[in-house]
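Trainee: I am new to this one. Please take me through the labels and show me what each rests on.

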Amino acid sequence: MPNSGLTVKPVPRIAVGGIWHETNTFSAKLTRYEDFEAYQFARGCSMIRRFSQTNTEIGGMLRSIDSLGFESVPTLFAAAVPSGTIERASFARLVDELTGLMRDALPLDGIVLALHGAATAEDIDDADAYILERIQQVAGEILPIAATFDYHANLSDRMVKQASVLIGYDTYPHTDMANRGEEAVNVLASLILEESTLHCAHRKLPLLTSPLKQATTESPMREVMEVLHKHESSPGVTCASVAMGFPYSDVAHLGASVVMYGKDPVQIKTAADSVAMKLWNSRHQFQSDILPVADCVRQAADSPEHPVIIVEPADNIGGGSAGDGTGVLAELLKANADQSVIVVYDPEAVTAAEQSGAGQTCRLRIGGKTDDQHGMTVETTVFVKKILNAEYEHKGSYMTGYITSMGRTALVEAHGVQIVLTSRRSMPFDAQQLRCLGIEPQEQKIIVVKAAIAWKAAYGDIARRTLIVDTPGVCAANLTRLDYRKRPMPLYPLEHDASYSV
């Protein structure tokens, strides 16, 4: 056949992967390789099977690559439930695996990664930047790299420098992970096809806020996001994100950021300054009303409307806490708070309940075992209602379609209080956490959530009243409780004289 003279361009090949962890450096327990394996871990084609139909960054990335007619090259994605500093050897193993699979996948046209932005390993405080640096060493400086990051990322100049584009969540509670994964691929595709680059403006603010007032559908963040999206819709701006920072990670790059990308360097700098000043001028609105434990439980028990959601941010599993705090549990038992439910991480208590057997009564020591920061162990007599391997599929807006395992789980009852004892830490971001045990959330008078805001994805539509409780813990809403050693100074509100200008 004669040569037509046409050159057929090969289909662009995009590597997909990531290491995702929100690190609470105040937590006493190190995060290890097996913690990633227990939560979200997939290599190669198993990534497609596991994530393609889910509301996750990886799911969105895979679907977008497919819709563009590009070839996806899945490598490794590993995520652990937010927890303590990542063990040095485990982090090295994860990064080596990811970069090794990237190297094996060459040649590539681009790389898209799902990161968090608040990962910290032993001796590597800016772990996300380190991951990007290692990936870039494999890929070379010319190959474009896009990465997603969490709304609670502590972005650094170093991290921004290592990627062609960084795209953060727009929602809290987080519901747009797949959308951001799709956006990252679409921006990456335009860079590949146009053989172009983007200008970047990164603004780091001396601002630290508790997650309690960061909901993007409520003031002050609703108005901040409106300004962000107004600029993002401008012709010269490609994408823009706000990162509120993760206050429970004691690092030198702690705090809020605005990051803006586009073809017009003057426009994106002006836009980034506008959003940064809007955020800074809202700083006084990030305070929350927090109740002492006894007052909180009394108000919840006396409420004529229910369910009442008791929010315990200091033991926020999604922020890296152990999930075995006992302050609220002890008060519920004392108040004989019937039709209340609380989930407590305690493998030891699960084993003891299982040894007693379903339908039996036994004495258990519950909670307060991970460290000395979340209350004393509570000893009480319980009736064992169920023992099972508990797992559930997310059916709400948070990571829809993902499977979460709570491990061996015991449902016990004491003084009218239903206590869900789990062998794995499980974030209360989907109502199926209770429904898989036969507990209908809407029928409860009190639901205790060890969380900050993201619980609303599970119970926000049924909550008749919300009370925030002040307990000790590594995710304390009162940030002055935390013993920072590395953070930048000054930071508002820890230093009220902190200033910012453009």
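**Labels and their cut-offs**

Trainee: Why is Cys362 called buried?

Mentor: Its relative accessible area is 13%. Buried means under 20%, exposed means over 50%, and partly exposed lies in between (1.4 Å probe, protein chains only). The value of 13% falls under the 20% limit, so Cys362 is buried.

Trainee: What kind of model is this, and what limits apply?

Mentor: This is a predicted model: local features need pLDDT of at least 70, and side-chain atom pairs count only at pLDDT 80 or more, while totals for chains, interfaces and linings use all residues. Residues are numbered from 1 along each chain as its sequence is written, and side-chain values use heavy atoms, with hydrogens and water left out.

Trainee: What makes Cys436 partly exposed?

Mentor: Cys436 has 26% relative accessibility. That lies between 20% and 50%, so the label is partly exposed.

Trainee: How many disulfides does the structure hold?

Mentor: Zero. A disulfide here is a pair of cysteine sulfur atoms within 2.5 Å. In general, it is a covalent bond between the sulfur atoms of two cysteines.

**Aromatic pairs**

Trainee: How many aromatic pairs does a search of the whole structure find?

Mentor: Ten. Rings of Phe, Tyr and Trp (its six-membered ring) pair if their centres lie within 6.5 Å; planes under 30 degrees apart count as stacked, over 60 as edge-to-face, and the rest as tilted.

Trainee: Why is the pair of Tyr39 and Tyr402 called edge-to-face?

Mentor: The centres are 5.8 Å apart, and the planes meet at 70°. The distance is within 6.5 Å and the angle is over 60, so the rings pair edge-to-face.

Trainee: What makes that pair a link between distant parts of the chain?

Mentor: Tyr39 is in helix H1 (residues 33-39). Tyr402 is in the loop between strand S13 (378-393) and strand S14 (403-414), and the two residues are 363 apart. Helices (H or I, at least four residues) and strands (E, at least two) are DSSP runs, numbered from the N terminus.

Trainee: How do you know whether Tyr39 and Tyr402 are buried or exposed?

Mentor: Tyr39 has a relative accessible area of 9%. Tyr402 has 1%. Each value is under 20%, so each residue is buried.

Trainee: What makes Phe246 and Tyr248 an edge-to-face pair?

Mentor: Their centres are 5.5 Å apart, with 80° between the planes. That meets the 6.5 Å limit and passes 60 degrees, so the label holds. Both residues are buried.

Trainee: Which residues do ring pairs link into a cluster?

Mentor: Trp280, Tyr492 and Tyr500.

**Charges over rings**

Trainee: How do you know that the charged end of Arg93 sits over the ring of Tyr33?

Mentor: It is 3.5 Å from the ring centre. The rule asks for NZ of Lys or CZ of Arg within 6 Å of the ring centre and within 35 degrees of the ring normal. The distance is within 6 Å, so that part of the rule is met. The charged end of Arg283 sits over the ring of Tyr492, 5.7 Å from its centre.

**Two residues and their surroundings**

Trainee: Why is Met47 called buried?

Mentor: Its relative accessible area is 0%. That is under 20%, so buried applies. Met47 lies in helix H2 (residues 46-51). Residues touched by Met47 include Val16, Ile58, Leu62 and Phe77, leaving out residues up to four places away in sequence. Contact means heavy atoms within 4.5 Å.

Trainee: What makes Lys278 partly exposed?

Mentor: Lys278 has 32% relative accessibility. The value lies between 20% and 50%, so partly exposed is the label. Lys278 is in helix H9 (residues 265-281). It touches Glu223, Val224 and Val227, again not counting residues up to four places away in sequence.

**Backbone and whole chain**

Trainee: Where is Asp123, and why is it called exposed?

Mentor: Asp123 is in the loop between strand S4 (110-114) and helix H5 (127-139). Its relative accessibility is 66%, which is over 50%, so it counts as exposed. Its phi is near 70°, a positive value in a residue other than glycine.

Trainee: Which residues does a cis peptide bond join, with omega about 5°?

Mentor: Tyr172 and Pro173. Pro173 is in the loop between strand S6 (165-168) and helix H7 (177-194).

Trainee: How do you know what radius of gyration to expect for 502 residues?

Mentor: The radius is taken over C-alpha atoms, and the globule rule is 2.2 Å times the number of residues to the power 0.38. For a compact globule, that gives a value near 23 Å; the protein chain has 23 Å, so the two agree.
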